[in-house]
Amino acid sequence: GIIKNPQCIDAVLDAGIDGIEVYHPKNNLACRDHLEAIVKDRQCMITGGSDFHGMLGRFPEKLGVWNTDISYADALQAKLNEQYR
């Protein structure tokens, strides 16, 4: 959602990045839908989280306010297990 240039997203994925941070506090529903379509088309992984950095004044200010479905973490773990056997 922060990166507005779709060519930038394509370039990063072409360089070998395995996933996109779909679920982020600054990604509205339209943005998430758009990124999920890219994930489906490019067959990459979905990641996400609160973007908590422990600094007051940022979003969100508490760890765990924004989260993702456990299935995305399970998919990431499976990919790591496959890559690092």
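So, L76: in this predicted model, that leucine is partly exposed, with a relative accessible area of 37%. Where along the chain are we? L76 sits in helix α3, which covers residues 70-83. And L76 has company out there. Together with L80 and Y84, L76 makes a nonpolar surface patch of about 320 Å². Patch membership calls for over 30% relative accessible area, and L76 has 37%, so that condition is met for L76.

Okay, over to the largest pocket. How much space lies in there? About 380 Å³. The pocket is lined by 19 residues, and the closest to its centre are G1, I3, I9, I20 and L35. If you want to find the walls on screen, look for α1 (6-14), β1 (19-23) and α2 (29-42), the elements that each give two or more residues to the lining. Which of them gives the largest share? That's α1, with 5 residues.

What sort of residues are these, then? The lining divides into 11 nonpolar, 6 polar and 2 charged. As for how anyone finds such places, rolling a probe the size of a water molecule over the atoms shows where empty space is left.

Last stop, H34. This histidine belongs to helix α2, one of the elements I just mentioned for the pocket lining. Is H34 buried or exposed? Somewhere in between: H34 is partly exposed, with a relative accessible area of 44%. Now put G1 on screen as well. H34 and G1 are 33 residues apart along the chain, and their C-alpha atoms are separated by 9.4 Å. G1, remember, is among the residues closest to the centre of the largest pocket.

Note on methods: Residues are numbered from 1 along each chain as its sequence is written. This is a predicted model: local features need pLDDT of at least 70, side-chain atom pairs count only at pLDDT 80 or more; totals for chains, interfaces and linings use all residues. Side-chain values use heavy atoms; hydrogens and water are left out. Patches are made of residues with over 30% relative accessible area and no salt bridge: like charges are joined within 9 Å, nonpolar side chains (Val, Leu, Ile, Met, Phe, Trp, Tyr) within 5 Å. Accessible areas come from the Shrake-Rupley method with a 1.4 Å probe; for residues, only the protein chains shown count as cover. A salt bridge is a side-chain nitrogen of Lys or Arg within 4 Å of a carboxyl oxygen of Asp or Glu. Helices (H or I, at least four residues) and strands (E, at least two) are DSSP runs, numbered from the N terminus. Buried means under 20% relative accessible area, exposed over 50%, partly exposed in between (1.4 Å probe, protein chains only). On a 1 Å grid over the protein atoms alone, a cavity is a set of points where a 1.4 Å probe fits but cannot get out, and a pocket is an open set with protein on both sides within 12 Å along at least five of seven lines; lining residues have an atom within 4 Å of a point. Grid points are joined across faces, edges and corners, and a volume is the space filled by probe spheres set on the points. Ala, Val, Leu, Ile, Met, Phe, Trp, Tyr, Cys and Pro count as nonpolar, Asp, Glu, Lys and Arg as charged, and the others, Gly among them, as polar.
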